[in-house]
Amino acid sequence: VGRQPLEKHMNSLMKELATLLDQRGVCQAIDTDDEEDDEEADHDGVLIDAVCDCLGELSKQFKSDFELFFRELFPLFMKYCRGQRCKSDRLMGVGALAEILNELGPSSEAYVETVYPVAIKGLSDSADTIRRNSCFCCGVICANAPQKLAPKFGEVLTSLHPLFSADEDGAVRDNAAGAVARMVVAAPQALPLAQ
């Protein structure tokens, strides 16, 4: 479709997507029937995944200009990334957030200080899929805001180090290596490259 046909509809589209992310959509109304709880949870998960996929595609079309729309959605995304959420929510939240921030590029700098602790914590999660997405997220935020995060590169490297072990999932190791590569490209002077 491209960016141009979407531009005139972005405000209304973002309002509807925010409603769904905030779980206030008509289709997300809570029914008190306990037998349907599991089915509704599955439905909500599929719906939120679709919303995140849509937002990821929009960020690819609008690049740094998407930040104007994203700033309203950012607090809603962070709700999905917190430790008290279920694994599938955290996986989706961190992954979608990393993809969007990647497309925003340097205009994502305003978000990195809030995202950083979530991404670092995710590196030690028990779920390999969350560790994988957290590696990608760490690499993205370090690449997009090296001036802000260069002082924390040592902490990032320390947190990534265990993910290079032979018994770690291959996709996690790949994303950990990608995160280090992004850091090297973004701010080589902030890394102990001689070691």
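1. The core. In this predicted model, the largest nonpolar core has 57 residues, and the members that touch the most others are Leu 21, Leu 55, Phe 66, Phe 70 and Phe 77. Eight named helices appear in the list of those that each supply at least two core residues: α2 (10-21), α3, α4 (67-81), α5, α6 (112-122), α7 (128-144), α9 (153-160) and α10 (170-186). Helix α4 gives the largest share, 9 residues. As background, nonpolar side chains in soluble globular proteins tend to be buried together.

2. Leu 21. Which residues does Leu 21 touch, once those up to four places away in sequence are set aside? They are Ile 48, Val 51, Cys 52, Leu 55, Leu 73, Leu 76, Phe 77 and Tyr 80. Two of these, Leu 55 and Phe 77, are also named with Leu 21 among the core residues that touch the most other members.

3. Ile 48. This residue sits in helix α3, which runs over residues 37-62. Is Ile 48 buried or exposed? Its relative accessible area is 3%, and because the cut-off for buried is under 20%, Ile 48 counts as buried. Apart from neighbours within four places in sequence, Ile 48 is in contact with Leu 20, Leu 21, Gln 28, Tyr 80 and Met 92. Ala 181, by contrast, lies 31 Å from Ile 48, C-alpha to C-alpha, and the two are 133 residues apart in sequence.

4. Helix α5. The helix covers residues 87-104, 18 in number, and its first and last C-alpha atoms are 26 Å apart, close to the 26 Å expected at 1.5 Å a residue. Helix α5 is mostly covered, with 13 of the 18 residues buried. Gly 105 follows the helix and has a positive phi, near 65°.

5. Helix α7. Here there are 17 residues, and the span from first C-alpha to last is 24 Å, close to the 24 Å expected at 1.5 Å a residue. Why is α7 described as largely enclosed by the rest of the structure? The reason is that 13 of its 17 residues are buried.

6. Salt bridges in general. How many salt bridges does the model hold? The count comes to 10. One network of salt bridges links Arg 3, Glu 7 and Asp 65. Three individual pairs are taken up in the points below.

7. Asp 22 and Lys 79. The closest N and O atoms of this salt bridge are 2.7 Å apart. Asp 22 belongs to the loop between α2 and α3, while Lys 79 belongs to helix α4, so the pair ties together parts that are 57 residues apart in sequence. Asp 22 is partly exposed, at 23% relative accessible area, and Lys 79 is partly exposed too, at 33%.

8. Glu 67 and Arg 71. This salt bridge has its closest N and O atoms 2.5 Å apart. Both residues are in helix α4, and because they are 4 residues apart, about one helical turn separates them. The general rule is that an α-helix has 3.6 residues a turn, so residues three or four places apart point the same way. Glu 67 is buried, with a relative accessible area of 12%, whereas Arg 71 is partly exposed at 41%.

9. Glu 168 and Arg 131. In this salt bridge the closest N and O atoms are 2.7 Å apart. The loop between α9 and α10 holds Glu 168 and helix α7 holds Arg 131, so the bridge ties together parts 37 residues apart in sequence. Glu 168 is buried at 11% relative accessible area, and Arg 131 also counts as buried, at 13%.

10. Cysteines. The structure holds 0 disulfides. Why is Cys 54 not bonded to Cys 52, which has the closest cysteine sulfur? The two sulfurs are 9.7 Å apart, which is too far for a bond. Cys 54 is partly exposed, with 29% relative accessibility. Cys 142 is in no disulfide either, and the nearest cysteine sulfur, in Cys 138, is 6.1 Å away. Because a disulfide here requires sulfur atoms within 2.5 Å, the 6.1 Å between Cys 142 and Cys 138 does not qualify. Cys 142 is buried, with a relative accessible area of 0%.

Terms used. Residues are numbered from 1 along each chain as its sequence is written. This is a predicted model: local features need pLDDT of at least 70, side-chain atom pairs count only at pLDDT 80 or more; totals for chains, interfaces and linings use all residues. Side-chain values use heavy atoms; hydrogens and water are left out. Buried means under 20% relative accessible area, exposed over 50%, partly exposed in between (1.4 Å probe, protein chains only). Contact means heavy atoms within 4.5 Å. The expected span of a helix is 1.5 Å times one less than its number of residues. A nonpolar core is a set of buried Ala, Val, Leu, Ile, Met, Phe, Trp, Tyr and Cys residues joined through side-chain atoms within 4.5 Å. A salt bridge is a side-chain nitrogen of Lys or Arg within 4 Å of a carboxyl oxygen of Asp or Glu.
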